[in-house]
Amino acid sequence: DLWNALYATPPNFMLQGKVDVFWAKYRARYLATCLELCSVVRRAWGQELVDHRSLDASRAVQQSRFANGLVITVNFGSAPYPLPGGKTVAPRGYLVGE
C-alpha cells in the first residue's frame, strides 16, 4: 500500500492460485486497500509526478510531488518521522497534503 500511495497508483495485487480462494481469504484486505488508496489516486489522477526524493539517509522516508501541488510522504521505517511544520509520518504510514 505504501508504494501505491507514494506514486498514487491504483492498488496492485498478485493473485496466486484460484481466484475464489484468494477472494475468500483476502477480500476484506483488498477492499480496505481500494477504499483507502482511491482517494489518493483520484487527487493525483492525470497529474505529472514532478519530484521524488528521500527525506532521510536510510531512504525509509520518501516524498512525491505532483504538478497540482499534491505531496505524498511515505515512511517505510519503524519509527515516526517528524516533518517541518509539526506533522509526523507514522511508521509504515503516509501523509497526503498540498
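How many helices and strands does the secondary structure of the chain come to? In this predicted model, in which local features need pLDDT of at least 70, side-chain atom pairs count only at pLDDT 80 or more, and totals for chains, interfaces and linings use all residues, the secondary structure comprises two helices and six strands. Residues are numbered from 1 along each chain as its sequence is written, and side-chain values use heavy atoms, with hydrogens and water left out. Helices (H or I, at least four residues) and strands (E, at least two) are taken as DSSP runs and numbered from the N terminus. Read from the N terminus, the order of the elements is α-α-β-β-β-β-β-β.

Along the principal axes, the C-alpha atoms of the chain fill a box of roughly 45 × 30 × 20 Å. Of the 98 residues in the chain, 30% are buried, where buried denotes a relative accessible area under 20%, exposed one over 50%, and partly exposed a value in between (1.4 Å probe, protein chains only). The accessible surface, obtained by the Shrake-Rupley method with a 1.4 Å probe and, for residues, with only the protein chains shown counting as cover, comes to about 6500 Å², and carbon and sulfur atoms contribute 56% of that area. Among contacts (heavy atoms within 4.5 Å) with a separation of 6 or more, 40% join residues that are 24 or more positions apart.

The chain carries 11 positive and 7 negative charges, and the mean positions of these two sets are 5 Å apart. For this count, Lys and Arg are positive and Asp and Glu negative, while His and the chain ends are not counted; each charge is placed at NZ of Lys, CZ of Arg, CG of Asp or CD of Glu.

In the helical part of the chain, Thr33 is located in helix H2 (residues 19-44), and it counts as buried because its relative accessibility is 2%. Apart from neighbours within four places in sequence, Thr33 is in contact with Asp1, Pro11 and Phe13. For one of these pairs, Thr33 and Pro11, the sequence distance is 22 residues and the C-alpha to C-alpha distance is 6.9 Å.

Tyr7 belongs to helix H1 (residues 2-7) and is partly exposed, with a relative accessible area of 32%. When neighbours within four places in sequence are left aside, the contacts of Tyr7 are with Leu49, His52, Gln62, Ser64 and Phe66. Leu49, found in strand S1, is likewise classed as partly exposed, its relative accessible area being 35%. Not counting residues up to four places away in sequence, Leu49 touches Tyr7, Ser64, Arg65 and Phe66. Arg65 can be placed relative to both residues: its C-alpha atom is 6.0 Å from that of Leu49, at a distance of 16 residues in sequence, and 9.1 Å from that of Tyr7, at a distance of 58 residues along the chain.

Two arginines in loops were then examined for their backbone angles. Most residues other than glycine have a negative phi. Arg59, by contrast, has a positive phi near 65° without being a glycine, and Arg92 has a positive phi of about 55°, again in a residue that is not a glycine. Arg59 is situated in the loop between strand S1 (49-54) and S2, and its relative accessibility of 54% makes it exposed. Arg92 occupies the loop between strand S5 (88-89) and S6 and is exposed as well, with a relative accessible area of 56%. The loop between S1 and S2 also holds Ser58, an exposed residue with a relative accessible area of 55%, whose C-alpha atom is separated by 10.0 Å from that of Phe76, 18 residues apart along the chain.

The largest pocket has a volume of about 280 Å³. On a 1 Å grid over the protein atoms alone, a pocket is an open set of points with protein on both sides within 12 Å along at least five of seven lines, whereas a cavity is a set where a 1.4 Å probe fits but cannot get out; lining residues have an atom within 4 Å of a point. Grid points are joined across faces, edges and corners, and the volume is the space filled by probe spheres set on the points. The lining of the largest pocket consists of 13 residues, of which Gln63, Val71, Thr73, Leu83 and Lys87 lie nearest its centre. Strand S2 (61-66), strand S3 (71-75) and strand S6 (93-97) are the elements that each give two or more residues to this lining, and S6 gives the most, with three residues.
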